[in-house]
Amino acid sequence: MNDEIILNVQDLNLWYGENHALHQVTLPIKNKKVTSLIGPSGCGKSTLIRCFNRMNDLVLGCHVSGNVIFHGQNIYDDGADPVDLRKKIGMVFQKPNPFPKSIYENIAYGPRIHGMKNKREIDETVENCLRKAALWNEVKDRIHESAMGLSGGQQQRLCIARTLAVNPEIILMDEPCSALDPIATSKIEDLIEELKKEYCVIIVTHSMSQASRVSDYTAFMYLGDLIEFGDTRQIFENPHKELTENYITGRFG
C-alpha cells in the first residue's frame, strides 16, 4: 500500500552533548513516496535523516529520546540491531563515496557480506542494481574497471546502486546532488522518480526547486523544530505557517 506509514517519528529529541539539536519532532513517513526535508543550514535536516538509520550513534556524546517506529518496533530500543537496520534503511551521502574497487565489486560487496556466495546470483544482482540506478548501459563494458574513473554523477548513481544491492525498504539521501552539475542532477532526480515505485525515499535538499520537483511530501525545519509538514504542493503554494512562507519566498535562509 502506497499510503502506508513505513516510518513513524514520535516526539524525537536529539542532543549533541549539551546542544539540544532536535526538539520533539513528530513526522509520518509514507511508503513508496518521496519526502523532502528543507530548511536553512544548521536547522537539523541532516541530523534528523541520520536518526532514521542510527548514524548519529557514531557521534560521541549524542543522545536521543522519543520513538522512531519501523515495522512496529522503536529502532532505539535496546534490542534493535543497528547493522540490520542499516541494511533495511540505506544512506546515500552528499559527496559520492564509491569504494576504491571495480564497479562490479562496489555492488557485490554488500550482498557478499550478507551471505550471498553464488557467482551467478551476484552477477544478476550487480546488473539488476545498475539497471535500477540507470547506469548499466553506461558501464556494462567496463564493470571490472575502477569505480574511481566514473564521473561524479555516475559515481553517485553507483552509490545508489550499491545501496539497492542489499534490498533496502527506505533510501535516505543527504543532499545527493549538491556536488553535481545540472545534467547529473537531472539524472538523479529522474532516478528518484523511478525509485519511489519500489522504495520509500527521504531526501535532504538545500534546493527548494528540487524539493518541489521530486517530492510528494515536504517537511520544513528551522532551528531544530519541525515547523510544518504536508503535501509538497500545499507547502509551496499555501503554507499554513508564516515562517514557512517567509522561507519559501526567500525572506530569509
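**Exercise 1. What volume does the largest pocket have?**

Before the solution, some housekeeping. This is a predicted model, where local features need pLDDT of at least 70 and side-chain atom pairs count only at pLDDT 80 or more, while totals for chains, interfaces and linings use all residues. Residues are numbered from 1 along each chain as its sequence is written, and side-chain values use heavy atoms, with hydrogens and water left out.

*Step 1.* The largest pocket comes out at about 550 Å³. A pocket here is an open set of points on a 1 Å grid over the protein atoms alone, where a 1.4 Å probe fits, with protein on both sides within 12 Å along at least five of seven lines. Grid points are joined across faces, edges and corners, and the volume is the space filled by probe spheres set on the points.

*Step 2.* Now look at the lining, meaning residues with an atom within 4 Å of a point. There are 19 lining residues, and the closest to the pocket centre are Arg 86, Gly 90, Met 91, Arg 162 and Val 166.

*Step 3.* Map the lining onto elements: α2 (82-88), β6 (89-92), α3 (103-113) and α6 (152-164) give two or more residues each. Helices (H or I, at least four residues) and strands (E, at least two) are DSSP runs, numbered from the N terminus.

*Step 4.* Sort by class, and you get ten nonpolar, six polar and three charged residues. Ala, Val, Leu, Ile, Met, Phe, Trp, Tyr, Cys and Pro count as nonpolar, Asp, Glu, Lys and Arg as charged, and the others, Gly among them, as polar.

**Exercise 2. Work out what lines the second largest pocket.**

*Step 1.* This pocket has a volume of about 220 Å³. Of its 17 lining residues, Pro 40, Ser 41, Gly 42, Cys 43 and Lys 45 are the closest to the centre.

*Step 2.* Both β2 (19-30) and α1 (45-51) supply at least two lining residues, and α1 has the largest share, with three.

*Step 3.* By class, the lining splits into five nonpolar, ten polar and two charged residues.

**Exercise 3. Find the largest nonpolar core and the elements that build it.**

*Step 1.* Count the residues: this core has 35, and Leu 130, Met 173 and Leu 195 have the most contacts inside it. A nonpolar core is a set of buried Ala, Val, Leu, Ile, Met, Phe, Trp, Tyr and Cys residues joined through side-chain atoms within 4.5 Å. Buried means under 20% relative accessible area, exposed over 50%, and partly exposed in between (1.4 Å probe, protein chains only).

*Step 2.* At least two residues each come from α3, α4, α5, α6, β7 (170-174), α7 (182-195) and β8 (200-204). The largest share, five residues, belongs to α7.

*Step 3.* Zoom in on Leu 130. Skipping neighbours within four places in sequence, Leu 130 is in contact (heavy atoms within 4.5 Å) with residues including Ile 103, Ile 107, Trp 136 and Leu 158.

*Step 4.* Check α3 as well: its buried residues include Ile 103, Tyr 104 and Ile 107, and the buried set packs against α4 (119-132), α5 (136-139) and α6.

**Exercise 4. Is Leu 191 buried or exposed?**

*Step 1.* Place Leu 191 first: helix α7.

*Step 2.* Its relative accessible area is 3%, so Leu 191 is buried.

*Step 3.* List the contacts. Not counting residues up to four places away in sequence, Leu 191 touches Lys 132, Ala 133, Ala 134, Arg 157 and Ile 160.

*Step 4.* For a strand residue, try Val 68 in β4 (residues 62-70). Val 68 counts as buried because its relative accessibility is 0%. Its contacts beyond four places in sequence include Leu 7, Val 9, Phe 52 and Tyr 76.

**Exercise 5. Where do Lys 32 and Leu 223 lie, and what is phi for Lys 32 and Leu 223?**

*Step 1.* Lys 32 sits in the loop between β2 and β3 (34-38), and Leu 223 in the loop between β9 (217-222) and β10 (225-231).

*Step 2.* Phi is near 55 degrees for Lys 32 and near 50 degrees for Leu 223. Most residues other than glycine have a negative phi.

*Step 3.* Finish with accessibility. Lys 32 is partly exposed at 29% relative accessible area, whereas Leu 223 is exposed at 54%.
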